[in-house]
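Trainee: Could you walk me through this model, one question at a time?
Mentor: Gladly, let us look at it together.

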Amino acid sequence: MVIARTLRFRAAGWLIGLFFVLLLNAFLARAAGDSLVVGMELAYPPFEMTDTTGKPTGVSVDLATELGRALGKKIVIQNMAFDGLIPALKTGKIDLIISSMTANAERARSIDFSDPYLNTGLCLLVKKESPVKGIGDLDQPGRSVAVKKGTTGHAWAGKNLKKARVLVLDKEAAAVLEVVQGKADAFIYDQMSTYQNWQKNRATTRAILEPFQKESWAVGIRKGNDDLRTKVNAFLADFHKKGGFETLGDKYLKEQKEAFRKLGYPFYL
């Protein structure tokens, strides 16, 4: 019994020691300029997610990896809540945000953005039998609209919905469930995610994919880091020119690309 306890204590000590060594190595590598810490919320498939082993994967992960290769930097993915990304960038906990983030004037007051790399727009997921035909039908007494905290849908609803009740939720899945269960009249989100959520819940929902607000995604960069911003922009232009975004679209979004083509909506990746 004593020997077993001793072995367990030694094993625990060894693991703790290994953790601090790895942490120190990551810190030293970053201090030496050999790595870039990229913040993203790994809960937005197929852009930011994890595979069956828990490893980061998706469009944004591949994009970050290619950026690191182009700049000769090791990429370290830091998973965090979406609404914590900008504070983390401002305080230096991460170096970049690559997390399907819309570049807008409000966020640009806090951080800088690269050139856009994807165009999309806000649209609606509604209950299948709902009379709602568009965004103009939502701002009425008795209506409930779900949004995900920290998103541009959340910001839009806060500014424009004065009569409807706005349900602010932490997770995309929770907002979808509100619509599925009839507790919300609509969920405001981007086109591709709305399409995916509709496909998963065709019996209970429908998608109004015509965007009522067009948006662009970009890489978030700390203010004053103009050298990094220039390098990121050069990479994005070259990656686009070489067909890199087309390749990512075929790898992760082939079904959506074909569906959007049939529906007559542009596919922007």
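What follows is a short exchange about sheets, helices, cavities and a few backbone details.

Mentor: A word on conventions: this is a predicted model, where local features need pLDDT of at least 70, side-chain atom pairs count only at pLDDT 80 or more, and totals for chains, interfaces and linings use all residues. Residues are numbered from 1 along each chain as its sequence is written, and side-chain values use heavy atoms, with hydrogens and water left out.

Trainee: Which strands are at the edges of the open sheet with the order β9-β8-β10-β7-β11?
Mentor: Strands here are DSSP runs of E with at least two residues, helices are runs of H or I with at least four, and both are numbered from the N terminus. Two strands pair if DSSP finds at least two bridges between them. This sheet has 5 strands with mixed pairing. The strands that pair on one side only are β9 (165–169) and β11.

Trainee: By how many degrees are neighbouring strands of this sheet turned against each other on average?
Mentor: Axes are lines fitted to C-alpha atoms, for helices over the stretch in contact, and angles run from 0 to 180 degrees between N-to-C directions. For neighbouring strands of this sheet the direction is ignored, and the average is 25 degrees.

Trainee: Which residue in β11 stands opposite Leu118?
Mentor: Strand β7 covers residues 118–127 and runs antiparallel to β11, with 9 bridges joining them. Opposite Leu118 in β11 you will find Trp217.

Trainee: At about what angle does helix α6 run to β10?
Mentor: Contact means heavy atoms within 4.5 Å. Helix α5 lies across β7, β8 (144–148), β9, β10 and β11, at about 140 degrees to β8. Helix α6 (residues 172–180) also lies across β7, β8, β9, β10 and β11, and its angle to β10 is about 145 degrees.

Trainee: Why is one side of β4 and of β6 left without a neighbour in the other sheet?
Mentor: That open sheet of 5 strands has the order β4-β1-β5-β12-β6, with mixed pairing. β4 (74–79) and β6 (112–113) stand at its edges, so one side of each is without a neighbour because each has a single partner strand.

Trainee: What is the bridge partner of Leu96 in β12?
Mentor: Strand β5 (residues 96–97) and strand β12 (residues 220–221) run antiparallel and are joined by 2 bridges. In β12, the partner of Leu96 is Ile221.

Trainee: How far apart are the axes of α2 and α9?
Mentor: Two packed helices are described by the angle between their axes and the distance between the axes. In the contact, Val59, Asp62 and Leu63 of α2 meet Phe245, Leu248, Lys251 and Tyr252 of α9. Helix α2 (residues 59–71) and helix α9 (residues 244–252) pack at about 145 degrees, and their axes are apart by 10 Å.

Trainee: Which residues are closest to the centre of the largest cavity?
Mentor: On a 1 Å grid over the protein atoms alone, a cavity is a set of points where a 1.4 Å probe fits but cannot get out, a pocket is an open set with protein on both sides within 12 Å along at least five of seven lines, and lining residues have an atom within 4 Å of a point. Grid points are joined across faces, edges and corners, and a volume is the space filled by probe spheres set on the points. The largest cavity holds about 210 Å³ of space. Of its 18 lining residues, the closest to the centre are Tyr44, Ser100, Thr151, Tyr189 and Asp190.

Trainee: Which helix gives the most to the lining of the second largest pocket?
Mentor: This pocket holds about 270 Å³ of space. α3 (85–90), α4 (105–108) and α5 each supply at least two residues of its lining. The most, with 3 residues, comes from α3.

Trainee: Where does Ser100 lie?
Mentor: Ser100 has a positive phi of about 50 degrees although it is not a glycine. Its place is the loop between β5 and α4.

Trainee: In which loop is Pro46?
Mentor: The peptide bond from Pro45 to Pro46 is cis, with omega near 5 degrees. Pro46 is in the loop between β1 (35–40) and β2 (49–50).
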